[in-house]
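User: I have a protein model to study. Please walk me through its pockets, cores and annotated residues.

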Amino acid sequence: MIQIVKVKDYATLSKKAAMYIAAEIVQREKPVLGLATGSTPVGTYQVLREMYQEGKLDFTAVRSVNLDEYRGLAPEDSHSYRYFMNQELFHHVNIAKENTHVPDGSLSDAQEACESYERLIESLGGIHLQILGLGHDGHIGFNEPSDSFPAKTHCVQLTEETISANQRFFNSKDEVPREAYTMGIGTIMQAEKILLLVSGRDKAAILKKVLEGPVSPEVPASILQFHKNVILIADEDALSKCSSV
């Protein structure tokens, strides 16, 4: 079931998303947050930082697990998702470093990197609230369009569309890694709650497929129709092609 929360614009989306995350932090004794990178959650993380700085939010008990990481990048690499999370959130709030987890892109043994991440999530008791963005091709995490839904954390070959979309974070397209470690669809679907954030008219066509089209691994995010508790926060532009809203 997908509950749709329609908002005016990206700024409102960011504030609304931060409120949902803050509620999870306040209400849980030891909240486990699944976090995402990319452009969409940046505003949300900014609002969370501000709430902490204003004394409205305490991250002491929070544990976090990130969706994915580029294979071949060390955590201190400025293009890694560990670095992104440090800059956008972790270094600005009182969350202990040992409570923050991102797949280790520097591990060359893909099987061990993926299996150890699954064990980690299990050791935390699973994810209470998973944050997701939406790729232009419908991917969530780095789960690209495919002929099946990957169950667990795995190593994925990135599509040309995803590589091109992420090129803006690198000096050139050639620098974008071609592989990544990512939570599988099954891992994501095991989260108690999912918060899907979608902004912009350029996401309108794919969001319509996610919400109104058939469930298919060719549109990975469409599987969210089968989750028991998904909250979609989307702005007017992103929802502009959806007939159900």
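Analyst: Start with a term. A pocket is an open set of grid points with protein on both sides within 12 Å along at least five of seven lines. The model is predicted. Its second largest pocket has a volume of about 280 Å³.

User: Which helix gives the largest share of the lining of the second largest pocket?
Analyst: This pocket is lined by 15 residues. E118, I121, E122, T187 and Q190 lie nearest its centre. Two helices, α4 and α6, each supply at least two lining residues. The largest share, 5 residues, comes from α4.

User: How many charged residues are in the lining of the second largest pocket?
Analyst: Sort the lining by class. There are 5 nonpolar and 5 polar residues. The charged residues number 5.

User: What is the volume of the largest pocket?
Analyst: Look at its lining before its volume. The lining has 35 residues, and the closest to the centre are T37, G38, S39, N166 and R168. By class, 14 are nonpolar, 15 polar and 6 charged. The volume is about 640 Å³.

User: Which element gives the most to the lining of the largest pocket?
Analyst: Three elements give two or more residues: β4 (68-70), α3 (81-88) and α5 (160-166). The top contributor gives 4 residues, and that is α5.

User: Which residues of the "active site" annotation are in the lining of the largest pocket?
Analyst: The annotation comes from an unreviewed UniProt entry. It covers D68, D137, H139 and E144. Of these residues, the pocket lining includes D68, D137 and H139.

User: Is D68 buried or exposed?
Analyst: D68 is found in strand β4. Beyond its sequence neighbours up to four places away, D68 touches T37, Y81, V102, P103, G141, F142, Y181 and T182. Buried means under 20% relative accessible area. D68 has 4%, so it is buried.

User: Where does E144 lie, in terms of strands?
Analyst: E144 counts as buried, at 8% relative accessibility. Leaving aside neighbours within four places in sequence, its contacts include D137, H139, T162 and P217. As for its place in the chain, E144 lies in the loop between β6 (129-132) and β7 (154-157).

User: What is the relative accessible area of T162?
Analyst: T162 lies in helix α5. Not counting residues up to four places away in sequence, T162 touches D137, H139, F142 and E144. Among those partners, D137, H139 and E144 carry the "active site" annotation in UniProt. T162 is buried, and its relative accessible area is 3%.

User: Which helix gives the most to the largest nonpolar core?
Analyst: This core has 34 residues, and V65, L207, L224 and L232 have the most contacts inside it. Its suppliers of at least two residues each are α4 (110-123), α6 (185-189), β9 (193-198), α7 (204-212) and β10 (230-235). The most, 4 residues, comes from α7.

User: How many residues does the second, separate core have?
Analyst: In soluble globular proteins, nonpolar side chains tend to be buried together. Here a second core stands separate, and it includes A22, I25, V93 and L195. Its count is 29 residues.

User: How far apart are the end C-alpha atoms of residues 12-227?
Analyst: In an unreviewed UniProt entry, this span carries the domain annotation "Glucosamine/galactosamine-6-phosphate isomerase". The span is 33% helix and 14% strand. Its end C-alpha atoms lie apart by 25 Å.

How values were computed: Residues are numbered from 1 along each chain as its sequence is written. This is a predicted model: local features need pLDDT of at least 70, side-chain atom pairs count only at pLDDT 80 or more; totals for chains, interfaces and linings use all residues. Side-chain values use heavy atoms; hydrogens and water are left out. A nonpolar core is a set of buried Ala, Val, Leu, Ile, Met, Phe, Trp, Tyr and Cys residues joined through side-chain atoms within 4.5 Å. Buried means under 20% relative accessible area, exposed over 50%, partly exposed in between (1.4 Å probe, protein chains only). UniProt positions are given in the numbering used here, feature names are shortened, and annotations may be inferred rather than shown by experiment. On a 1 Å grid over the protein atoms alone, a cavity is a set of points where a 1.4 Å probe fits but cannot get out, and a pocket is an open set with protein on both sides within 12 Å along at least five of seven lines; lining residues have an atom within 4 Å of a point. Grid points are joined across faces, edges and corners, and a volume is the space filled by probe spheres set on the points. Ala, Val, Leu, Ile, Met, Phe, Trp, Tyr, Cys and Pro count as nonpolar, Asp, Glu, Lys and Arg as charged, and the others, Gly among them, as polar. Contact means heavy atoms within 4.5 Å.
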